[in-house]
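I opened my notebook to look up a few things in this structure and jot them down as I went. Come along and read over my shoulder.

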Amino acid sequence: MSYPGYPPQAGTYPPQPGFYPSQPAGYPPQPGVYPPQTGGYPPQPGAYPPQLGGYPPQAGAYPTPLPTGSWGGGPSGGYPTTAPGSYPNPGYNAGVQGGTMPQQQYPAMGYPGQPGQTMPGYPQAPSPNPPMPGFGGAPAPMPGYPNAPSPNPSMPAYGGGAMPVVPPVDRGFRGTIKDFPGADPLKDVEVLRKAMKGFGTDEQAIIDLLGSRSNKQRVPLLRAYKTSYGKDLIKDLHSELSGDFRNLVMAMLKSPAEFDTSELHNAMKGAGTDEACLIEILSSRSNAEIREINRIYKETYKKSLEDAIKNDTSGHFRRLLISLAQGNRDERENVDVSLAQQDAQMLYAAGENKLGTDESKFNAILCARSKPHLRTVFYEYQKMCGRDIEGSISREMSGDLESGMLAVVKCIKNTPGYFAWRLQKSMKGLGTKDRTLIRIMVSRSEMDMLDIRQEYVKNYGKSLYMHIHADTSGDYRKLLIKLCGGND
């Protein structure tokens, strides 16, 4: 006990930031409550009243606070330390590009020790929101995951946890054609006019100009040419050029949506249908792009894209195309792993685990779910039944539907890899599918051509540049090489 005039006794509690407010000097810790002191200090305003059932003072002193920036004594500034084996699939991120799993946080809560974040509750008390099982507080697996009997006895049960979902990483601009600094449409059309005027055509001038302008700098040239010379640039170029070089130049002077619309129309025009072109465009474009294609198609050809598809295709393949043509895919980036596991089981039940195939279930999942979600579904499917989704589709389907479903899966799994595959097929063997080559080189030159080139070398052991150089010739080759952007 302390008496007036005596100095404070040793062993009292030092003030702790963020803990109980400091007590008047001289009061040692007492079990229970503070009894009235004879001749001591009168009660202080704001002091703690007797607590019933509260936190009794600890014998000795408060436990040593955790080091700043750690959780459970872990490294400062990092993620919370975790016991070995707590990650359900250790080492998975080593083979995944794009960063690590984003950590779940609750409102007004962060990792203790980080600036500007406080942990609700008493110090060292259990958090009201403890981390949930899985990666960084990811939702716990559904009942039956893992090591529990499958709710459907014929359905394989999962082992291990969920795949860490890696968000797409913004790697910056991945195209090969950029805006040309200071481009002036009136000066550009003057160069084009001079290249076509008189005897002969200066194709190199056309290649140099169009190959160094972005699409948004090329399209205005049509109006600028008519403004300056009262003539149609498309008609003049069409009369001066020929062959695949002319087709490539014409493609480069259309907006992306106009070009896609014309390609879809040509794929369904006349005898036969280019089913691969329909799938390529509809499975790789965003909702907004597909809606714009629908608008332009109706405006240009006086009937809807859906009606055109109905007239030219049939069966489950028609239903797949019509679903994709709605432009109504979920585009959220977040992934519900439990829902992905349910979808994987539904695909298994609709195919491998069924006599016959429920194509409509494949259609509903592949055309409506977001691409990040579907990548998780494909992973969970392979983990569940030991084979990839492509193998199951090939065993369960055939013809155009099989090709269409496989193309959708390939494009969703790895879009640059899908386009590298399409380019390789267009130049493989005898002859070249120039329409496919032109379409992909033009449409991806400002999107992901650098990534496509990397996938091409990795998958086929030869650069895209060298394959184009070996398979094409003349001015056509020169302009394609401009779009390719270089050798690897």
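**Entry: salt bridges.** I started with a network of salt bridges, which links Glu263, Glu280, Arg422, Arg435 and Arg439. I noted right away that this is a predicted model, so every value here is computed from it. How many salt bridges does the count come to? I wrote down 23.

Next I looked at single pairs. Glutamate 390 and lysine 413 meet through their side chains in a salt bridge, at 2.9 Å from N to O. This pair links distant parts of the chain, as glutamate 390 belongs to helix α15 (residues 389–396) and lysine 413 to helix α16 (residues 399–413), with their positions 23 residues apart. Is glutamate 390 buried or exposed? I put glutamate 390 down as buried, because its relative accessibility is 16% and buried means under 20%. Lysine 413 is partly exposed, with a relative accessible area of 35%.

I then turned to lysine 478 and aspartate 475, whose side chains form a salt bridge at 3.9 Å, N to O. Both residues sit in helix α21 (residues 474–484), 3 residues apart, which is about one turn of the helix. Lysine 478 is partly exposed at 40% relative accessible area, and aspartate 475 is partly exposed at 23%.

One more pair went into the notes: arginine 332 and aspartate 330, joined by a salt bridge of 3.0 Å, N to O. Arginine 332 counts as exposed, because its relative accessible area of 54% is over the 50% cut-off. Aspartate 330, at 25% relative accessibility, is partly exposed.

**Entry: a charged patch.** Which lysines gather in a patch of positive charge on the surface? I found Lys410, Lys425, Lys428 and Lys433. I followed up on lysine 433, and its place is in the loop between α17 (415–427) and α18 (434–444). Lysine 433 is exposed, with a relative accessible area of 52%.

**Entry: cysteines.** How many disulfides does the structure hold? I wrote down 0. As a reminder to myself, a disulfide is a covalent bond between the sulfur atoms of two cysteines. I also checked how covered two cysteines are. Cysteine 277 is buried, with a relative accessible area of 1%, and cysteine 411 is buried too, at 0% relative accessibility.

**Entry: two loop residues.** Where is lysine 302? I located lysine 302 in the loop between α9 (287–301) and α10 (305–312). Its phi caught my eye: the angle is near 60°, a positive value in a residue other than glycine. Lysine 302 counts as exposed because its relative accessibility is 66%, over the 50% that the word asks for.

My last stop was leucine 355, found in the loop between α12 (337–350) and α13 (359–368). Is leucine 355 buried or exposed? I noted leucine 355 as exposed, with a relative accessible area of 88%. I also looked up its separation from glutamate 396: the two are 41 residues apart in sequence and 9.8 Å apart in space, C-alpha to C-alpha.

Definitions and conventions: Residues are numbered from 1 along each chain as its sequence is written. This is a predicted model: local features need pLDDT of at least 70, side-chain atom pairs count only at pLDDT 80 or more; totals for chains, interfaces and linings use all residues. Side-chain values use heavy atoms; hydrogens and water are left out. Patches are made of residues with over 30% relative accessible area and no salt bridge: like charges are joined within 9 Å, nonpolar side chains (Val, Leu, Ile, Met, Phe, Trp, Tyr) within 5 Å. Accessible areas come from the Shrake-Rupley method with a 1.4 Å probe; for residues, only the protein chains shown count as cover. A salt bridge is a side-chain nitrogen of Lys or Arg within 4 Å of a carboxyl oxygen of Asp or Glu. Lys and Arg count as positive and Asp and Glu as negative; His and the chain ends are not counted. The place of a charge is taken as NZ of Lys, CZ of Arg, CG of Asp or CD of Glu. Helices (H or I, at least four residues) and strands (E, at least two) are DSSP runs, numbered from the N terminus. Buried means under 20% relative accessible area, exposed over 50%, partly exposed in between (1.4 Å probe, protein chains only). A disulfide is a pair of cysteine sulfur atoms within 2.5 Å.
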